[in-house]
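Me: I would like a close look at one part of this protein, taken slowly and set in the context of the whole chain. Please keep to what can be read from the model itself.

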Amino acid sequence: MTVPTATHRRLDQTASLTAQVNAAQRAAESMRPPDRRLIDDPQSRYFVEHPALRAVLSHPWSADAALRVFDRVWGGLHAHIALRVRYADDAYAAAIQAGVDQLVLLGAGFDTSSLRIADAALTVFEVDAPATQAHKRPVVERLASHAQTVWVPCDFERDRLYDRLLDAGFDPARPSLISWLGVSMYLTHDAIDATLSDLTQLCAPGSRLVVDYIRDGVVAVRAPWPGANRITRLVARRGEPYRSDFTERELDAVLVAHGFQPAEHLGVAALLSRYDPTDKSKLAADDWLAVATAYRR
């Protein structure tokens with residue numbers, strides 16, 4: 001394995017803060033009244049250690065106020081982070097019903113799927129940077145998941161996913177569901193191609209891929225949504241810049257080139273229309289993020 005450079009060590013150490021912010025968003029959303037909340041993911045709060053984020057989660061009022069400010073400044077981002085969970089959960093349920101028993105979380109962060117999915121037959125492979133896993137693993141093991149969790153440390157820019165998953169016991173002869181959320185925008189096109197090439201070899205026909213991405217123009221800070229341009233500048237200042245964005249057609253072409261048949265794209269507006277048709281959440285629908293599903297041919 002290649003020894004990480006100082007830059008990669010710094011990114012590994014700070015990545016957990018990004019994961020904590022996302023976990024805090026999901027936890028805060030779960031504290032809203034039942035008729036307004038988009039997701040129910042209370043386990044997310046167990047991964048929030050930063051004092052300021054914990055203070056936000058100390059009361060439903062402060063949690064709701066923080067989400068409203070977040071949504072005003074970075075429109076579309078909270079709706080996407082919350083609703084990609086709903087979308088992925090639907091994909092998990094459909095895959096399990098179809099007999100899929102391997103779930104791979106690529107760049108798992110503080111995703112709580114292994115805690116929320118009550119299916120003892122499902123093996124969840126959590127693939128992420130070692131620093132983030134060091135924070136997450138003891139919490140998951142303490143909370144006792146229903147599913148079997150296998151921890152797979154991996155740097156997508158440097159390690160080969162194929163080798164990492166096979167060494168962890170993944171069976172490429174059986175169909176699987178790959179969940180790749182909150183990652184593609186931080187990777188180079190070369191790293192995305194390398195990961196998809198590995199998935200081509202790892203995924204049996206009928207396997208499913210759920211991936212999210214940012215729209216074309218966001219990386220260059222030329223998006224028509226001010227919030228997207230603000231967050232692009234912010235993540236660049238923090239040393240975690242967005243590196244890849246796509247049109248739907250561009251992403252479809254990349255997926256097809258690697259043996260996946262695109263099935264669906266849902267941007268922020270479409271996710272809100274599906275999961276919040278009466279607009280009870282009152283969230284911005286700035287359409288600069290999207291989630292897609294594809295099937296291994």
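To start with one residue before the main part: is D279 buried, exposed or partly exposed? After that, please concentrate on the sheet and on the helix α6 that packs on it.

Reply: The model is a predicted one, and in it D279 is partly exposed, with a relative accessible area of 34%, a value that falls between the limits of under 20% for buried and over 50% for exposed. D279 sits in the loop between α11 (268-275) and β7, and its phi is near 60 degrees, which is a positive value in a residue other than glycine. V221 has a phi near 60 degrees as well, again positive and again in a residue other than glycine. That residue belongs to the loop between β5 and α9 (226-237), and at 28% relative accessibility V221 counts as partly exposed.

Before turning to the sheet, a few words on the whole chain. The protein chain contains 11 helices and seven strands. Its radius of gyration is 18 Å, close to the 19 Å that the globule rule gives for 297 residues, so the chain is as compact as a globular protein of that length. The C-alpha trace spans about 50 × 45 × 45 Å along its principal axes, and buried residues make up 53% of the 297 residues. Among contacts between residues at least 6 apart in sequence, 75% join residues at least 24 apart.

Now the sheet. The seven strands form an open sheet with mixed pairing, and their order across it is β3-β2-β1-β4-β5-β7-β6. The edges are taken by β3 (148-153) and β6 (260-267), each of which has a single partner strand, so one side of each is left without a neighbour in the sheet. From one strand to the next the twist averages 20 degrees.

Within this order, strand β1 (residues 102-106) and strand β2 (residues 123-128) pair in the parallel sense over five bridges, and L106 stands opposite V127 in β2. Strands of a sheet pair through backbone hydrogen bonds, either parallel or antiparallel. T123, which has its place in strand β2, is buried, with a relative accessible area of 15%, because that value lies under the 20% limit. Leaving aside residues up to four places away in sequence, T123 touches D101, Q102, L103, Q148 and V150.

Helix α6 (residues 130-143) packs on the sheet and touches β2 and β3, its direction making about 165 degrees with that of β3. Its 14 residues should span 20 Å at 1.5 Å a residue, and its end C-alpha atoms are 20 Å apart, which agrees. The helix nevertheless has a kink of about 30 degrees at K136, shortly before the proline P138. K136 is also one of the buried residues of α6, the others being T132, Q133, V139 and V140. Just after α6, A144 takes a positive phi of about 60 degrees.

At the other edge strand, helix α10 (residues 248-257) lies across β5 (208-214), β6 and β7 (289-296), and runs at about 155 degrees to β6.

Two prolines add contacts or short distances between parts of the chain that are separated in sequence. P175 lies in the loop between α7 (161-167) and β4 (177-180), where at 34% relative accessibility it counts as partly exposed. Apart from residues up to four places away in sequence, P175 touches V100, D101, Q102, A204, P205, G206 and S207. With A204 the separation is 29 residues in sequence but 5.0 Å in space, C-alpha to C-alpha. D101 and Q102 thus appear among the contacts of P175 and also among those of T123.

The other proline, P60, lies in helix α3 and is partly exposed, with a relative accessible area of 42%. The C-alpha atoms of P60 and A28 are separated by 7.4 Å, although the two residues are 32 apart along the chain. Helix α3 (residues 60-73) has 14 residues and reaches 20 Å from its first C-alpha to its last, close to the 20 Å expected at 1.5 Å a residue. Its buried residues include S62, A63, D64, A65, L67, F70 and D71.

Conventions
Residues numbered from 1 in each chain as written. Predicted model: local features only at pLDDT ≥ 70, side-chain atom pairs only at ≥ 80, totals over all residues. Heavy atoms only, no water. Pairing = 2+ DSSP bridges. Helix = DSSP H or I, 4+ residues; strand = E, 2+ residues; numbered from the N terminus. Axes fitted to C-alpha atoms, helices over the stretch in contact; angles between N-to-C directions. Contact = heavy atoms within 4.5 Å. Buried < 20%, exposed > 50% of the residue type's maximum accessible area, 1.4 Å probe, protein only. Expected span 1.5 Å × (residues − 1). Bend = angle between axes of the 7 residues up to and from the residue. Rg over C-alpha atoms; globule rule 2.2 N^0.38 Å.
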